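Colleague: Could you take a close look at the aromatic residues in this one for me? Start with the overall layout, then show me how the rings sit in it and what surrounds them.

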Amino acid sequence: MVGMTDPSERSGPADGGRGLPGAGLVKGLAVTLKTMTRRSATQQYPDVAPALPPRSRGVIALLEENCTVCMLCARECPDWCIYIDSHKEEVAVPGATRPRQRNVLDRFDIDFSLCMYCGICIEVCPFDALYWSPEFEYAEYDIRDLLHDKEHLSEWMGTVPPPPAHDRNGEPAKEETAAARKAAIPASPADRPGAPPGRPEHRPTGNTATGEGPPR
């Protein structure tokens, strides 16, 4: 008949079924007793500031003078929480035939109520205008106050930690390698220190009219 099972297929205590009554309670009490013997490690926050790792993702800081309004951060943001406005103005360059144009940043806002702290905007910035700050205490009572403008974002630059020291055993930066290579190679081979004097140019002698070559 449908719905009837073989008694031999039923799980017993040896097959992972129900064991002795109260075994789970005994295991739970054993874990409790084991925890009670350990010393608790309680952080007295907010009286004592926590020791955060150097690469903590707290809030995003803006270095306004490095921003060129390239819009890469706003285009790559998956949450569309970066708002940028700018205008162009002419700059007179001495010696140039006509003035040049440059972008002037008018608005740079980040809505931290939408930000998911992925860090893509900081990674794609080609001019190092955005930085991670470990500061995380910027909660607000009004969600509209989480929209930080460029003045507010620039204030977080004071909390950005300095970059870590370069590893002595690591590869040097490309800029350092190019500068060292350029400084090591002089303009011409004759200017190199310790270079042997140039050999006089050897010209074959002979009668060019008859086509005879120099004597061997």
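Modeller: Going along the sequence, the order of elements is α-β-α-β-β-α-β-β-α-α, which makes 5 helices and 5 strands in the chain. Bear in mind that this is a predicted model. Of the 216 residues, 18% count as buried.

Now to the rings. There are 5 aromatic pairs in the structure. Take Y117 and W132: their ring centres are 6.4 Å apart and the planes meet at 25 degrees, so this pair is stacked. The cut-off that matters here is an angle under 30 degrees. Y117 sits in the loop between β3 (100-111) and α3 (120-124), while W132 belongs to strand β4 (residues 130-133), so their contact ties together parts 15 residues apart in sequence. As for cover, Y117 has 26% relative accessibility and therefore counts as partly exposed. W132, at 17%, counts as buried, because the limit for that label is under 20%. Both rings are members of one aromatic cluster, made up of F112, Y117, W132, Y138 and W156.

F112 also leads us into the nonpolar core. The largest core has 27 residues, and F112 is among the ones that touch the most other members, together with I60, I82, I84, F108, I110 and L130. At least two residues of this core come from each of β1, α2, β2, β3, α3 and β4. The largest share is that of β1, with 4 residues. As a rule, nonpolar side chains in soluble globular proteins tend to be buried together.

Helix α1 (residues 23-36) is another story. Among its 14 residues the count of buried ones is 0, so α1 is hardly covered. From first C-alpha to last, α1 reaches 20 Å, close to the 20 Å expected at 1.5 Å a residue.

Past α1 we meet another aromatic residue, Y45, in the loop between α1 and β1. Y45 has 43% relative accessibility and so counts as partly exposed. With L52 and F136, Y45 forms a nonpolar patch on the surface, and the three have about 280 Å² of accessible area together. Y45 is also joined to P46 by a cis peptide bond, with omega at about 10 degrees. P46 lies in the loop between α1 and β1 (59-62).

While we're on backbone oddities, W80 deserves a look. Phi of W80 is near 55 degrees, a positive value in a residue other than glycine. W80 lies in the loop between α2 and β2 (82-91), and with 59% relative accessibility this tryptophan counts as exposed. M71 isn't aromatic, but its phi is positive too, near 70 degrees. You'll find M71 in the loop between β1 and α2 (72-76); at 28% relative accessibility, M71 counts as partly exposed. For context, most residues other than glycine have a negative phi, and most peptide bonds are trans.

So, back to your aromatics: F112, Y117, W132, Y138 and W156 make one cluster, Y45 and F136 share a surface patch with L52, and W80 is an exposed loop residue.

Key: Residues numbered from 1 in each chain as written. Predicted model: local features only at pLDDT ≥ 70, side-chain atom pairs only at ≥ 80, totals over all residues. Heavy atoms only, no water. Expected span 1.5 Å × (residues − 1). Buried < 20%, exposed > 50% of the residue type's maximum accessible area, 1.4 Å probe, protein only. Phe/Tyr/Trp six-rings, centres within 6.5 Å; stacked < 30°, edge-to-face > 60°. Patch = residues over 30% accessible without salt bridge, like charges linked within 9 Å, V, L, I, M, F, W, Y side chains within 5 Å. Areas by Shrake-Rupley, 256 points an atom, 1.4 Å probe, with all protein chains shown as cover. Salt bridge = Lys/Arg side-chain N within 4 Å of Asp/Glu carboxyl O. Core = buried A, V, L, I, M, F, W, Y, C linked by side-chain atoms within 4.5 Å.
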